[in-house]
Amino acid sequence: MKSVNSWLFKDPIPTLVDCGEYTADSWDTLKMQLKTHGLEIKDIQKIVITHAHVDHMGMANQVVQESGATVYLSEYAFPWGEHVNELWASRSQIIKETFLKLVGPESPIHGMFSTGQSFFNSMLSMWEPIPKDHVVKFESKDGIDIGGRHWEVIYAPGHSSTQTVFFDSDSRHLLSADMLLNIAPTPVIEIDPLQPGTRQPGLPKLIESFSNMKALNVSKAFPGHYDAFEDVNETIDRQLKRIEMRTQHCYTLIKEGSHDYNSLFLNMYPNRIHFPALVMMIGYLDVLEERGLISKEKDEQGIFRFEALPHQSF
Ligand SMILES: [Zn+2]
């Protein structure tokens, strides 16, 4: 990511919502930005995390070390505070396994996941565990106090299976994490926190979370990346429309004879093998499967093949 937002509430106690990944650049930027508000890192007392991704909580421990702040994590993200090393190892594993069941060894995508890849290894250099006595678990159902207001906490999986957003029903402001952004979020590959060992289908969850967000009638979204924005439901509609269009395209390709992940991917993302596209492609297949439009079966190499089910239409 080029940038990530850390939202500051100065009163009643200096509080950050998310705090960037742990790099020298992020650290300097946070320091500089706090200074423009008359604060230093040592003044931070509370850090509230929206979801367990490196760009949102990687630097939390560093802030804790300098300030003694307490980090608040929902029941979904809580284990990541202390156990990021172990949990990242199992998240990496499920990402690798997911792809290796989709592409054969001759695919250009295979190499990205079959060997130790820098993406997996470099992650933990930007994401440190937080000592247990500085981590507090909050339950979504109880809401959370930030900046002198009581925020409703809403579980919003899709982009991340650990993601929560914070809603203030008076102002209808939403601290929207990576659920609502100006650019549609991608569904990453993660374990279902309620069903350990199972991958949570990201895009179907994201679509469901979009409807939940729409029902809130948010007046302004304060996202995890890019600028705050006000045309919230229009943005949701636009992003949902595009997801539907792309899912339908994927379905048409399967009907017309593309039955494996590789050929579907190369059709939908020509010349663009990058992670967000790779996971989005899995998302379209998850949606089609969940809607009962396609089936998948393993071929003799153990690689999934997708078939359109008869007597169905999009
Ligand atoms: Zn993010």
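Is D133 buried or exposed? D133 is exposed, because 9 other C-beta atoms lie within 10 Å; the class follows from a count of other C-beta atoms within 10 Å of the residue's own, with 20 or more meaning buried, 12 or fewer exposed and anything in between partly exposed, and with C-beta atoms placed from the backbone. D133 sits in the loop between α6 (118-123) and β5 (135-138). D133 and E21 are 112 residues apart in sequence, and their C-alpha atoms are 21 Å apart in space.

The model is predicted: local features need pLDDT of at least 70, side-chain atom pairs count only at pLDDT 80 or more, and totals for chains, interfaces and linings use all residues. Residues are numbered from 1 along each chain as its sequence is written. Helices (H or I, at least four residues) and strands (E, at least two) are DSSP runs, numbered from the N terminus.

The protein chain is assigned domain 1 (7-237) and domain 2 (248-308), with bounds that come from an automatic or database domain assignment. Taken over C-alpha atoms, the centres of domain 1 and domain 2 are separated by 28 Å. Contact joins 17 residues of domain 1 to 17 residues of domain 2, where two residues are in contact if their C-beta atoms, placed from the backbone, lie within 7 Å. On the side of domain 1 that touches domain 2, the largest share, four residues, comes from α7.

The largest nonpolar core has 77 residues, of which I47, I49, A60, V63, V71 and M281 touch the most other members. Such a core is a set of buried Ala, Val, Leu, Ile, Met, Phe, Trp, Tyr and Cys residues joined through C-beta atoms within 7 Å. Helix α10 (residues 275-290) gives the most to this core, with eight residues. Domain 1 (7-237) and domain 2 (248-308) both give residues to the core, so the core lies between them. Leaving aside residues up to four places away in sequence, V63 touches C19, I41, I44, I47 and A69.

I47 and V71 also appear in the strand pairing, as bridge partners, with V71 in β4. Strand β3 (residues 46-48) and strand β4 (residues 70-74) pair in the parallel sense over three bridges; two strands pair if DSSP finds at least two bridges between them. An open sheet of five strands with mixed pairing has the order β1-β2-β3-β4-β5. The edge strands, each pairing on one side only, are β1 (7-9) and β5. Neighbouring strands of this sheet are turned by 25° against each other on average, direction ignored.

Another open sheet of five strands, also with mixed pairing, has the order β6-β7-β8-β9-β12. Its edge strands are β6 (144-146) and β12 (220-223), and its neighbouring strands are turned by 30° against each other on average, direction ignored. From the β6 edge, β6 and strand β7 (residues 149-155) run antiparallel and are joined by three bridges, with W151 of β7 as the bridge partner of I144. These strands form a hairpin with two residues between them, and G147 in the turn has a positive phi of about 60°. β7 then pairs with strand β8 (residues 164-168) in the antiparallel sense over four bridges, and V153 stands opposite F166 in β8. At the other edge, strand β9 (residues 173-177) and β12 pair in the parallel sense over four bridges, with L175 opposite F222 in β12.

Helix α10 packs against two further helices. The axes of helix α7 (residues 202-215) and α10 come within 6 Å and cross at roughly 75°; axes are lines fitted to C-alpha atoms, for helices over the stretch in contact, and angles run from 0 to 180 degrees between N-to-C directions. α7 and α10 are therefore roughly perpendicular to each other; angles under 35 degrees count as roughly parallel, over 145 as roughly antiparallel, 65 to 115 as roughly perpendicular and the rest as oblique. G202, L203, P204 and I207 of α7 make this contact with V279, G283, Y284, D286, V287 and E290 of α10. Helix α8 (residues 232-255) and α10 pack at an angle of about 80°, their axes 9 Å apart, and are therefore roughly perpendicular as well. Here R246, T247, C250 and Y251 of α8 meet Y284, L285, V287 and L288 of α10.
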